Amino acid sequence: MDGYEEFLLTVRRDINCLSDGDRNVRRNAVVRLEKTLFTSGKTPQTFVRKLFLEELHKPLFRLFADQAEKCRELSISMTGRFVDMVSAAELENMLPVLLAALLGRVRTVPFPEQSEELRLEGLKLLNHLFDICKASLDAFASDIIDALAKAATDTCPDAKKECCEIARKVAAHFDAERIGRAGGPLVGALLANLRHQQWKVRRATLDSLGALLSLEAPMLDYLEEAFPHLALILSDRTTGVRQSLAECLERWLISGLSFKAPLITSFNDDAGLLGFEKFEHRLLLLLLGVAADEDTVQVAPLALQGLERVAARKHEARRHRTERLRQQAQARIDAGVPEDGALPAGGGDLMQAVVALDEEVEACRFDYRSLRGLLPEPFVEGNEPSALATVYVRLHLTSILPQVLTNLTQWTSDIRVAAARLLRVILVLVNRQVAPFLDQVLVHLYKASADDEASVARAALQCAEMAGAVLDVGLVLGLVGKHLGLKLDGGTVPTKGPGVEELWPQTRTGRQITRTVQDVEAGVRQFTAATVENRRQVFTVLAHLLRPADSGVPLQPGEVRTVLRFLEEGAQSEDLLPTVHSATQALLHSGGQVCIGEWPRVFDLLLRMRSGEECNFTAVDESMDRLAALCGRSRRELYEEHLRARLGELLLGADAELWEERSPKRHVLETLLRNAGAATSEHIATLVPVLARQASPEDASVTARVDILGLAHFLITQEDPKLTAAMREQVPALLGGVLIPNCTWRPGQSNNKIRKGGMVCVHAVLQRHLVTPGALNAVFADLMPVLKSCLDDSFSPDNRMIACLVLSCTLSELQAEISGEQLREVYPELLKRLDDSNDRIRVAVCEALGTFFKCLPPRWSRSLYEYILRTLFVHLDDPNTEIQQGIYAALEAAVHQDHTTFLNEAQAAAAKSSHPRLCEELGRLALSLRQASVAEA
């Protein structure tokens, strides 16, 4: 008996006990065997190996399903150590028994193996078998794949990751056709794991899918099921998962490009695409989505590098295919085989096709140096796309661009933001090759630019900047003009197409918004911005389409004129002025020196914006300063020159025809005059009739009359000598045509305010001595009824006050011209104001009375003089000290008219006054003046 047989006798009883009905016996037996064979280290390895092959493997494998967990644990552990001892050939002989026992623990759901730790150990054993047996396991592919599909549903994350590792080895060692036939459940289970909460599980699952679906049969059979799950991974919260997605997509694309074209057309193929072609553009779209990832440091560059490798592989595949067809065609020609239509008639055309591929690459080369400031993060620092990448994306642009544009108007903001980023990346990649699709790109950008989500609108405008930078300006402006309903050569487009609201209809009921999803492709081609909101969107995008001046390709004069025509059309609507101003700023920035030739039109636009309240005045002034800097002048000089050149056109017919209420001419005129300085003096004579017509109380609106009076006050109060001289010449016409008619009483609160404004202007004219006494006396008959009505205005203290001031100034100006009869008309109004409820008005009328007495001619009515004095002496007892002083000053002025009469009235008043001292002082003044006059006589 040799040594092995002696050893066998020592363990025979334990081997037999492995089949005993008592679980404790089985457990003790397997524990003793494990100790004897491995732990003790005393048993020779040859004995252990031989024992496993001849006696132990079957009982041991049966223990995989033992009721005792300890038995199952030790049996799996021992099996893993045994398989390392035997050769691959010996292991292959027992694979059917081993796999049947091992896979049986996880092949049904719920799992026969209830311990997740042991299920994990079983999967590790299976993984180890792949390392040893490799392709030898291919004969059991169906069973293994089925078991993996079940095991991948395990709730244990480690078990899921182990399944993913095994799946990668399945892809490496199993026949692709076998995987294709049996892999459906496995692929489905892995796809479900892409939503697992642990990112390591998601990443491991992606890696395993990348390996499985890189094989031709599984890809063609199961990739369609994966697309919805892959789209969700684009927004995965973990950077490593998105990186893994980029690697998988690159792997699938490169693998798919090596597949042979199918020989039989399948009726399930969409749009006539066969084999891998069905998936290529969809995989590319996902890869571009990763390239547009918000992580521009770790994720996006990885995807772009993968895209470059895929593009190079695609170009190589196209060259090989074309070369192969050329060789086949040439061989047919050399052999004299008759044509049957299966191949081209000759190799000449195909040789040209090979050359055309290289020419296509050269045509797609683009110099990105001028776009350095516009390129998004993944493309900066020398990472510009190659011509091969441009060619590759352009080949599939027809398929992928509509999907991106559709997502740009989707319901959720996350989808819209991602689509906007993706569109920007695509525009960088294809650069000017996007020209055939620019129409639909622009229409979708119009919609996105008004998005409620600020990030979507911002990304859409960045896309517009990129499109404007890479495309021909003429093409861009032609489409924008079409969308605005304008022609580049003048005129409008008569046809009316759908707007944004018709392309993307929605209704709002309370807080609920309902959107109708429909095909917009046909409507996009006929889009016309008919509403104010649509045109605002067009001008918003236009402002970003204009390329910057430092791009190396400045705007041409004709292009500047075209843009100005668009802006002039938009400036006709007040609601569009802020947006048009943004576009004007962009034009100044883009056109630079080219705008100098069209500066009057640009200034016209800016003047229109400066004259209204819709735009920020500071921003418009900055735009004017920029235009002035381009022209080498100051802003004031532009105003002056523009005034000389355009005022006649602005005022044409305005002295006879009333401007419409919504016409901007009134505001433009006011802004122009307020900023033109002394240059206005040359046109005052022309302006006054226009102001008179536009401020006519008969038919002009309240707003227009207020604006004109404000402008008149501005012109009156300017200190410029030239303007003052010009106004002095035209003030009589201004008084008679503008101011006095608007000071006439009319019912209504608005007319009351206008009357006050007119009186303020008249007061300013008199204060600045712009009217001669003769001219003032000529209009006194018209002015006096106005003053009377204002002085009697019980509801407006302001009107009474300003009327007092105007009357005082009028008397002061007319001292040498006013007649006694005119003064008879004035004094009752002044005396009535002494009883006014407003003390400020009473003080003001005291000053007017002082001026009144200075205007009295000699030998004026003694009785009226006495009446006025008695009234003033009564008010000298007023409790208000300020009014006492004002009355005293007026009486001091009155004493010079008639010393004797004044002395008599002062003495009579002193006897009754509560302030006799003041009366006595005035009496002594009158007495001294009378004595002096007698002495002089």
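**View 1. No disulfides anywhere in this one.** The structure, a predicted model, holds zero disulfides. A pair of cysteine sulfurs would have to sit within 2.5 Å to count as one.

**View 2. C71 and its closest cysteine.** Why is there no bond from C71? The closest cysteine sulfur belongs to C17, and at 11 Å from the sulfur of C71 it's too far for a bond. As for its surroundings, C71 counts as buried, with a relative accessibility of 0%.

**View 3. C156 and C163.** Here the gap between the sulfurs is 9.6 Å, and C163 is the closest cysteine partner C156 has, so this pair is too far apart for a bond as well. C156 is buried, at 8% relative accessible area.

**View 4. Stepping back to the fold.** Count up the secondary structure and you get 44 helices and two strands. The radius of gyration is 49 Å, whereas the globule rule gives 30 Å for 937 residues, so the protein is more spread out than a compact globule. Along the principal axes, the C-alpha atoms fill a box of roughly 180 × 85 × 45 Å.

**View 5. Inside, outside and contacts.** How many of the 937 residues count as buried? That comes to 52% of them. On the outside, the protein exposes about 42,100 Å², with carbon and sulfur atoms supplying 50% of that area. Take the contacts between residues at least 6 apart in sequence: 73% of them join residues at least 24 apart.

**View 6. Where the charges average out.** The protein carries 105 positive and 124 negative charges, and the mean positions of the two sets are 3 Å apart.

Note on methods: Residues numbered from 1 in each chain as written. Predicted model: local features only at pLDDT ≥ 70, side-chain atom pairs only at ≥ 80, totals over all residues. Heavy atoms only, no water. Helix = DSSP H or I, 4+ residues; strand = E, 2+ residues; numbered from the N terminus. Rg over C-alpha atoms; globule rule 2.2 N^0.38 Å. Buried < 20%, exposed > 50% of the residue type's maximum accessible area, 1.4 Å probe, protein only. Contact = heavy atoms within 4.5 Å. Areas by Shrake-Rupley, 256 points an atom, 1.4 Å probe, with all protein chains shown as cover. Lys, Arg positive; Asp, Glu negative; His and termini not counted. Charge placed at Lys NZ, Arg CZ, Asp CG, Glu CD.
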